[in-house]
Amino acid sequence: DCIDIARNNDNQLFLNRQGGDGYHIAFIRDGSYKSFIATRSSAFCIDVNGSERVRIDSSGRVLIGTTTEGYSGGDDLTISTSGDTGMTIRSGTSNQGTIAFADGTSGSDQYRGFVQYFHNGDVLMFGTSAANRLKIDSSGHFLPNADSTYNIGSNSVRFANIYADTL
């Protein structure tokens, strides 16, 4: 069973009710297929210009630019290209961008560890145990969050050498 939505005898949208894998929704422009929403191997797929671009697999993992999930400890979102690859977090000029590591769904369990960038002041902050621990300020200074509170190394885990201009 199919439904075609057309304008001036030019199909714009094609809906296909089929039982198995394949294209279920096709977006058409100027008489040619431009993008599809499909299912393949129990995955939800989005194709653009003839290539699969996004896949949500049967485990709920999101794969962008690939059909292969990443390292098992970080495979919920995999981004792949054949060249330089990255991700951008864009926030307001007086706001912050955050990557949070959670072990719960409320309170500070939602941000036990974090990396934050504060645009108002251009500060990069690192946190553990739901607290700010270390920051790099806009001048490139590497600073603890509180004065005379944190050590570099410990009695049992030490740096071999520390090089500094003056101490």
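**Exercise 1. Find which residue of S12 stands opposite Phe126, and place the two strands concerned in their sheet.**

Step 1. In this predicted model, Phe126 has Leu134 of S12 as its opposite residue. Strands are DSSP runs of E with at least two residues, and helices are runs of H or I with at least four residues, both numbered from the N terminus.

Step 2. The two strands concerned are S11 and S12 (residues 131-136), which pair in the antiparallel sense over five bridges; two strands count as paired if DSSP finds at least two bridges between them.

Step 3. On its other pairing, S11 (residues 123-128) is joined to S10 by five bridges, again antiparallel, and here Val123 in S11 stands opposite Phe118. The hairpin of S10 and S11 has four residues between the strands, and in it Gly121 takes a positive phi near 115°.

Step 4. S10 (residues 113-118) also pairs with S9 in the antiparallel sense, over six bridges, with Gln96 opposite Phe118 in S10.

Step 5. Put together, five strands form an open sheet with antiparallel pairing, in the order S9-S10-S11-S12-S13. S9 and S13 (142-144) are the edge strands, each pairing on one side only.

The model is predicted, with local features requiring pLDDT of at least 70 and side-chain atom pairs pLDDT 80 or more, whereas totals for chains, interfaces and linings use all residues. Residues are numbered from 1 along each chain as its sequence is written, and side-chain values use heavy atoms, with hydrogens and water left out.

**Exercise 2. Decide whether Ser35 is buried or exposed, and list what it touches.**

Step 1. Ser35 lies in strand S4 (residues 32-40).

Step 2. Ser35 is buried, because its relative accessible area is 17%; buried means under 20%, exposed over 50%, and partly exposed in between, with a 1.4 Å probe and protein chains only.

Step 3. Leaving aside residues up to four places away in sequence, Ser35 touches Ile25, Ala26, Phe27, Asp47 and Val48, where contact means heavy atoms within 4.5 Å.

**Exercise 3. Locate Ile89 and state its exposure.**

Step 1. Ile89 is found in the loop between S8 and S9.

Step 2. Ile89 is classed as partly exposed because its relative accessible area is 44%.
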